[in-house]
Structures are given as structure tokens and as C-alpha cells.
Amino acid sequence: MDWWSDLERHARQRRRRKRRWAAAAFAGIVLAGLGGMWLAPRFETPGPSPRPEPPPVVSTCRDVLCRISWPSPRWDEGEGVYEQWVAGHRVVYTLERELQEEALAVFQRYRVPYGAFVAVDPATGRILALAEYSRQEPGLNDFCRRATYPAASLIKVITACAALETGKVSPTTRVRFEGSPYRLYPRKISPSNRWRENNVHTLAEALALSNNVVFGKVGADVVGSRRLQKALEAFGFNREIPFDFPLQPSRATVPEDRYPLARTAAGFGEVYLSPVHAALIAAAVGNGGVMMRPYVVDRIEDAGGEVVYRASPAPWRRAAPQAVAREVARMMRRTVTRGTSAKVFYRYARRLRREVGVAGKTGSLTGDDPPGKYEWFIGFAPVDRPQIAVASLVVNQELWHIKGTYVAQAVMKEFFGM
């Protein structure tokens, strides 16, 4: 039996050795796993891929338009808009093709030395036409924004607003004057000259006929230097006009001495403006005295077609009280029916004058930048609730071509389908 006892003892020893080997192997596996976790490089759980940063938002059109000095639009036949690509962005303009082409066609047909035409929606400030032409300088492309042109008798519109605001005169106030209504010199505005004053015009008639003597007397006796200066600045002189592109500021200096003051009030003073500003003056009168911020950029799109800027109408300043503006608007209508532009409208735009109703003011004066005779027309239509306001300027040199009035009636007929 001793052999059996020996066999059992050896079996127990083998089982103990196997258990020790198994325990040692398990311990080794555990230690190896722990060591691998400790020594192995650690990685964070991957999250979502970061999004690329969006392109900068164009908050104002100047962020794009600062790269160009003045619009150079081309017509997109497919969408029916004027457009221009600038720095990867598509600039869409507010211009209306029919008005733009009609103005240019008239300038080209008569080969004017210099011509500019601006049309604006009085209620919104939206620019409808911005046309310029020069036979003398074919490459000229900023004629509409330069403010080196004498305002001439356009200033009478502002003088009239300032005079009516005093309450001392009305459109029917009769003003006596001596001799020709156009020749103005010191004796004609002297208080001691009353015995020579055998002619008379109401203030409305004087505006329609552009009577320099009457407006010289009204400027000196009713308005005064400070009030006229204030009225000019209310209409946007001597300040920057908030436009999509830089405009040269219009300048106005009003002297205090009686005769120089009278000359300024009548349109012979140091008052200069741009065609864009001239259109805004007409628009402000038609819009009840409120001058809207002008804009020619309708929207800007990025390369993918997303709109990153869109214009919206905004008032810029109160140029005149509403009641005053309405009275001056009715006074300006006489310019077209019985005044300095009546012949042109009667001959070429009789239906427009009769069926729509146009208010206007002419101005004519010699200037030197560029040299020539400056022929202005500003106006709006219809008179009571205007849909369009215009400024038209032709600079004639040597040979006579056309006046601004002719260009204005041609484009306004196009606007109203006449």
C-alpha cells in the first residue's frame, strides 16, 4: 500500500505545482495588461470636426465699394439689372435702364460738351438714373459727383423756402422792382429807390420767371445772411452727403453786406453743387421738405449668391417745414406752365405737363470748371405726390446745343410712358 500512498503524494504535488503555475500565469497576464495601459499612448475620444470660419459679414456696402471710386455698371440681360463685380462680390444697382439710356441718347445725339443727368425717387432716395457724357472728355466718369458747378438760380428755391418760413411773405406777396428783372445792381435793391420801381411780380411769379431783382430784395430785406446760410445748410450744403460713393461736398458762403447778400440770394454768389445734390434738393421739396439718404446700390451678393447687404430707405435731414415745401412746390409748377421752361415743355412735352403735372426750376450761369455756360433744370412730377425728381445739367461751349430742360422732359416722358 506504500506504493499507493506514494502515488497520491506525487499527484497532490503535481496539482499544487499546476495551481502555482496557473496563478503565476494569471498574475503575469494581469500585470502585463496594467503595464500596457500605463505605458501605451493615450488618445481622447474624437469629437465632431471643427467647422470652417465663415467669411466676414459685409455690414455696409462701403466694405466692398471702398475698392472702387464710382459705379461702372453693365447690364445683365438675364436678370434685368445693372451689376458690377467687385472683390468677389456682385453689386446690384438701382438704376433703370430706360431712363439711363434715354439720357445718354439725348446727350450723344446733340454731342454736348458736358452733360449730367440724375433721377431719384423722392420718397425713398433710390437713384433711378446716373448718366454722364462728355464730347470734350470722352473718358470722364465722375461728372455727376463733382461739386464745382455754380448753382445759379437753383438757389432761388432755397431762398423762397427761407422767406416763406419767416411768415413775412407768401407766394402772393407783391414785390416792386425797377427795370429788367434779370439785371441786378446795387441801386435796384436800395430802399431809397422806391420811386423808380414801376414793375411788380408776386413771389410765385418771380420764382417762375427767375426774377433776380425780386429775389435779391427778398434775400436782403426778408431773409438775411444768417437765415439764408442756415437754410442752405439745411438743404445739405457745407456737409458730406451720405451716399454709397464719396461725393464732393457742395459749398455755400453767404456774405453779410447787403448787395453781395442780394446777389447770393438771387443765384450769383459763391454757391456750388453737384448734380446728385441738385436732384436731392428737388426731391426734398417734392417730399414735403424731407431729404432722404440717396442710394444707388440695391444689394450686394457674395460669390455664392447670398445677399450680404441690402439697402433700405432712410431720411437724412429735414430741409424745410412741410407746409413751406408744399407752397414752394406749387410755385415751381409755374416755371413749367408760365415760366422759364414753359416753351420747351409746351413744344416737346405737352401731355406730360397737362396730364401729369411737373414742377421745376431753371438756372443759367457761366462757370469755369469746366469752362462754359451752365444750363440747369431741377424738378419733380407729379407735383402733389412725386414719383421722380430730376437734375439735368448741360455745359455749352461756343456753339449752342441744348439746355438741361430738354434732357429732363425727354427722360420724364420715358418714365411716365409718354
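Tyr 374 is a good place to start in this predicted model: with a relative accessible area of 1%, the residue is buried, because anything under 20% counts that way. Tyr 374 sits in strand S16, which covers residues 371–381. Its ring has a partner in Tyr 149, which belongs to strand S6 (residues 149–150). Tyr 149 is buried too, and its relative accessible area comes out at 0%. So here we have two tyrosines tucked away from the surface, one at 1% and the other at 0%.

How do the rings of Tyr 149 and Tyr 374 sit relative to each other? Their centres are 5.9 Å apart and the planes make an angle of 35°, so the pair is called tilted. Angles under 30 degrees would make a pair stacked, and those over 60 would make it edge-to-face. Along the chain the two residues are 225 positions apart, so to speak a link between distant parts of the sequence. They also have company: Tyr 114 and Phe 143 join Tyr 149 and Tyr 374 in one aromatic cluster.

That pair is one of eleven aromatic pairs in the structure. Another to look at is Tyr 348 with Tyr 406, which is edge-to-face, with 5.0 Å from centre to centre and 90° between the planes. This one also bridges distant stretches of chain, 58 residues apart: Tyr 348 is in helix H11 (residues 342–348), while Tyr 406 is in helix H13 (residues 404–415). Which of these two tyrosines is buried, and which is partly exposed? Tyr 406 counts as buried at 14% relative accessibility, whereas Tyr 348 has a relative accessible area of 34% and is therefore partly exposed.

Aromatic rings have charged neighbours here as well. Arg 350 lies over the face of Tyr 346, at 4.0 Å from the ring centre. Arg 317 does likewise with Trp 316, at 5.1 Å from the ring centre.

Now for a tryptophan in a loop. Trp 195 is found between strand S7 (174–177) and strand S8 (199–202). Is Trp 195 buried or exposed? Its relative accessibility is 62%, so Trp 195 counts as exposed. Glu 178 is 17 residues away from Trp 195 along the chain, and the C-alpha atoms of the two are separated by 9.0 Å.

Next, the strands toward the start of the numbering. Strand S2 (residues 81–86) is mostly covered, with five of its six residues buried. S2 has strand S1 (residues 74–76) as an antiparallel partner, over three bridges. Within that pairing, Arg 74 has Glu 83 of S2 as its bridge partner. The two strands form a hairpin with four residues between them, and Gly 80 in the turn has a positive phi of about 70°.

S2 also pairs with strand S3 (residues 89–93), again in the antiparallel sense, over four bridges. Here Gln 84 is matched with Val 91 in S3 as its bridge partner. The hairpin of S2 and S3 has two residues between the strands, and Ala 87 takes a positive phi near 50°.

What about empty space? The largest pocket holds about 400 Å³. It is lined by 24 residues, and those closest to the pocket centre are Ser 210, Thr 340, Thr 362, Gly 363 and Ser 364. Strand S15 (359–368), S16 and H13 each give two or more residues to this lining, with S15 supplying the largest share at five. S16 is also the strand that holds Tyr 374, and H13 is the helix that holds Tyr 406. By class, the pocket lining has twelve polar, eight nonpolar and four charged residues.

Closed-off space is a shorter story. How many cavities of 30 Å³ or more does a search of the whole structure find? The search turns up one, and the largest cavity holds about 40 Å³. Its lining includes Val 120, Asp 121, Leu 280 and Met 291. Helix H9 (275–286) and strand S11 (290–292) each contribute at least two residues to that lining. Sorted by class, the cavity lining divides into eight nonpolar residues, one polar and one charged.

Key:
Residues numbered from 1 in each chain as written. Predicted model: local features only at pLDDT ≥ 70, side-chain atom pairs only at ≥ 80, totals over all residues. Heavy atoms only, no water. Phe/Tyr/Trp six-rings, centres within 6.5 Å; stacked < 30°, edge-to-face > 60°. Buried < 20%, exposed > 50% of the residue type's maximum accessible area, 1.4 Å probe, protein only. Lys NZ or Arg CZ within 6 Å of the ring centre and 35° of its normal. Pairing = 2+ DSSP bridges. 1 Å grid on protein atoms, 1.4 Å probe; cavity = no way out; pocket = protein on both sides within 12 Å on 5 of 7 lines; lining within 4 Å. Points joined across faces, edges and corners; volume = space filled by probe spheres on them. Nonpolar A, V, L, I, M, F, W, Y, C, P; charged D, E, K, R; others polar.
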